[in-house]
Amino acid sequence: MTGHTLGWVVVAAALVAGCGDKPQQNGDNDVVLIGQVSPLTGPQAHLGKDNENGVRLALDEINAAGLTLGGKKVMLELKSEDDAADPKTATTVAQKLVDEGVVGVIGHLNSGSTIPASKIYSDNAIPQISPSATAVAYTASGFQTAYRVMTNDAQQGTVLGNFAVTKLGAKKIAIIDDRTAYGQGLADEVEKAAKAAGGEVVAREYTSDRSTDFMAILTSIKGKAPDLVFFGGMDPQAAPMIKQMKQLGMQAKFLGGDGAQTPKLIELAGADAEGALASNPGLPLDAMPGGSAFKAKFEAKYGKIQNYSPYAYDAMHVLIDAMKRADSSDPAKYLAELPKTDYQGVTGRIRFDAKGDITGGAVTLYQVKDGKWQTLETVQSGN
Amino acid sequence: MDIFLQQLINGLVLGSVYALVALGYTMVYGILELINFAHGEITMMGAMVSLAVIGALALAAPGLPGVLVLGAGLAVAIPVCMALGLLIERVAYRPLRHAPRLAPLITAIGVSIILQNIAMLIWGKQYIPFPAILPQGRHEILGASISDTQIAILVLAVLIMMTLILVVQKTRLGRAMRATAQSRQVASLMGVDVNRVIASTFVIGSALAAVAGVMVSAYYGLAHYYMGFLLGLKAFSAAVLGGIGNLGGAMLGGLLLGLIESFGAGYIGDLTGGFLGSHYQDVFAFFVLIAVLVFRPSGLLGARVVERA
């Protein structure tokens with residue numbers, strides 16, 4: 001090919017690219033794509049589906065009420081993707097959503113997949129609100145597009161570590177994490193806070209988010225006679241872990257984070273769950289300003305709430321709220337409105353700090369009594 | 001000492017489950033030189049089917065004793081898995097018996113994915129709890145504790161393995177299996193119905209998998225459509241460790257892998273002063289596997305040709 005023809009090809013390509021771009025952004029197309037990512041397959045699929053349903057509920061409501069941006073009727077359309085809680089898959093589906101032209105993303109569920117995906121959204125200037133990623137690193141990378149409506153691990157871990165030592169009176173603490181960004185991050189914060197409060201960390205053990213056998217590490221922990229075992233991870237691991245603690249005759253209390261504070265944990269661990277303690281960022285569903293109304297709406301359509309769906313629902317509303325104020329679904333325009341968010345959602349009042357974290361997030365502690373999670377107390381994190 | 005004993009018990013229980021599943025891999029490999037990657041999923045199917053039966057029974061007749069309910073679960077799960085094994089062999093592997101070796105291997109992976117997704121469609125993505133129907137007794141021996149479930153797993157696994165050895169060594173079917181393993185052509189020339197022997201191998205292996213699946217879900221208190229993957233991978237490693245194709249090897253490999261994992265996870269952190277933590281449990285297990293394969297490429301008990309089944 002000569003230089004001459006090559007030049008024409010480049011010009012033609014530029015023209016085609018230019019033509020393709022315009023109508024998508026400013027044309028008469030009134031369909032706006034919103035991305036949602038969570039694990040829809042694999043061990044955490046039940047939590048992933050819960051998030052998807054939360055987003056879908058909000059989206060359907062907004063569509064039913066009718067949304068007008070920039071003088072045009074807008075229909076929202078959900079593009080839900082499965083990241084299988086896997087960081088590699090997360091980046092692939094994030095790129096796919098960007099290529100499909102979503103204007104905002106609710107997700108992902110896990111910190112481990114939210115963090116690598118946030119780089120892709122940031123590079124393409126697509127705002128992202130995670131309903132459930134709690135790892136500190138997510139908003140610490142300084143991306144302008146990264147937001148979350150969930151109390152982060154530093155806030156939650158500090159409350160948990162303090163609570164274990166001062167309220168539960170645990171002197172010797174064993175800590176286990178599942179080596180995910182979430183589990184490890186939370187466990188690290190708990191370790192820091194417990195030490196600061198005067199507790200002693202006698203064991204630090206590790207497992208994975210696919211394991212169900214913890215007999216070996218629990219036996220090793222039992223030898224060190226802790227007063228309390230903290231686990232940073234999700235309910236599919238927490239439930240068998242609690243059962244195996246009982247099986248080994250361990251007297252230590254069990255304390256978990258929000259990944260363990262689910263109805264599924266009680267269902268899976270049965271009678272052994274009795275007395276288990278766990279925290280969840282935010283308020284209990286009954287104490288949320290819009291909790292009971294949300295519960296009624298959600299359960300009529302999708303069945304039992306697993307955990308994060310109220311946050312997914314709020315995240316969706318926060319995103320649309322910013323679009324309404326900007327009067328545009330153009331990410332470049334409404335992204336500037338996100339930091340000014342002051343939205344009264346189901347989960348409470350949502351405002352963001354400079355990093356994109358929710359300000360003044362509450363952490364609530366629960367204990368299983370008579371086969372149910374009972375609220376112990378709510379602590380305002382000192383952000 | 002009590003911790004050592006406890007880890008020994010943990011390892012033996014885990015290992016006997018691995019061994020039961022590993023037997024299914026090794027029997028099929030011994031006869032067909034095929035790695036049946038769908039075997040882990042048959043284990044999962046066993047767990048799911050038995051749980052469905054147990055759940056239905058617990059609702060229909062709440063007064064029934066737990067052991068009886070579990071027995072009913074097993075009595076349905078075993079034939080279902082046997083039929084499934086038979087079906088898979090007939091549909092997915094037999095048409096490819098003379099194809100290049102890679103083809104059935106890929107089919108096996110495909111079957112495994114299909115089974116996972118079927119289970120996901122039937123039972124959903126949720127973890128399914130194992131109802132608390134079994135006696136939760138716990139016994140203290142020299143400071144270590146062993147539960148009724150653990151004892152039942154150990155006893156049942158030993159009984160099944162002994163029966164299997166008897167079948168392979170003493171019965172006509174067993175002799176036909178050994179003959180087929182040595183040479184399919186010669187065995188068929190001697191009047192052995194090779195197709196029937198291969199089908200029987202799948203059926204027996206699937207029955208063992210069903211039992212192992214029920215054991216695992218009763219022991220950990222849950223079942224999930226994805227549970228067969230990791231279990232299958234570990235059991236396959238156990239079979240390779242012991243020498244794939246060798247029955248005794250699968251049992252030894254399973255027990256060893258269970259013990260290595262248990263002691264590895266329990267002691268590695270303390271022995272290295274926290275430098276390597278219990279997250280190196282699997283690394284440790286696979287390191288042992290690699291070391292064995294370097295020095296004995298055919299596994300611990302693997303012989304090159306003779307007596308493979």
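This briefing describes a sheet with its covering helices in chain A and a set of helix contacts in chain B. The model is a predicted one. In chain A, 7 strands form an open sheet with mixed pairing, and helices H7 and H9 of that chain each lie across some of its strands. In chain B, the axes of helix H1 and helix H9 come within 8 Å, while the buried residues of H4(B) pack against three helices, H9 of chain B among them.

**The sheet of chain A**
- The strands of the open sheet follow the order E8-E7-E9-E10-E11-E14-E15, and the twist from one strand to the next averages 25 degrees.
- Strand E8 (200-206) and strand E15 (372-380) of chain A each have a single partner strand and stand at the edges, so one side of each is left without a neighbour in the sheet.
- Strand E7 (residues 172-177) and strand E9 (residues 228-232) of chain A run parallel and are joined by 5 bridges, with Ile175(A) having Phe230(A) of E9(A) as its bridge partner.

**Helices across the sheet in chain A**
- Helix H7 (residues 181-196) of chain A lies across E7, E8 and E9, and runs at about 165 degrees to E7(A).
- Helix H9 (residues 235-247) of chain A lies across E7, E9 and strand E10 (253-256), and runs at about 170 degrees to E10(A).
- The 16 residues of H7(A) reach 22 Å from first to last C-alpha, close to the 22 Å expected at 1.5 Å a residue, and just after this helix Gly198(A) takes a positive phi of about 100 degrees.
- Among the buried residues of H7(A) are Tyr182(A), Leu186(A), Glu189(A), Val190(A) and Glu191(A); the buried residues of this helix pack against helix H4 (111-123), helix H6 (153-167), E7, E8 and E9 of chain A.

**Helix packing in chain B**
- The axes of helix H1 (residues 2-32) and helix H9 (residues 227-242) of chain B cross at roughly 75 degrees, which makes H1(B) roughly perpendicular to H9(B).
- Residues making this contact include Val17(B), Tyr18(B) and Tyr25(B) of H1(B), and Leu231(B), Lys234(B) and Phe236(B) of H9(B); the contact residues divide into 11 nonpolar, 2 polar and 1 charged.
- Helix H4 (residues 102-123) of chain B has 22 residues that should span 32 Å at 1.5 Å a residue, which agrees with the 32 Å between its end C-alpha atoms.
- The buried residues of H4(B), including Pro104(B), Val111(B), Leu115(B), Gln116(B) and Met120(B), pack against helix H2 (39-60), helix H3 (66-93) and H9 of chain B.
- Gly124(B), which follows H4(B), has a positive phi near 85 degrees.

Conventions. Residues numbered from 1 in each chain as written. Chains lettered and ligands numbered in written order. Predicted model: local features only at pLDDT ≥ 70, side-chain atom pairs only at ≥ 80, totals over all residues. Heavy atoms only, no water. Axes fitted to C-alpha atoms, helices over the stretch in contact; angles between N-to-C directions. Helix = DSSP H or I, 4+ residues; strand = E, 2+ residues; numbered from the N terminus. Parallel < 35°, antiparallel > 145°, perpendicular 65-115°, else oblique. Contact = heavy atoms within 4.5 Å. Nonpolar A, V, L, I, M, F, W, Y, C, P; charged D, E, K, R; others polar. Expected span 1.5 Å × (residues − 1). Buried < 20%, exposed > 50% of the residue type's maximum accessible area, 1.4 Å probe, protein only. Pairing = 2+ DSSP bridges.
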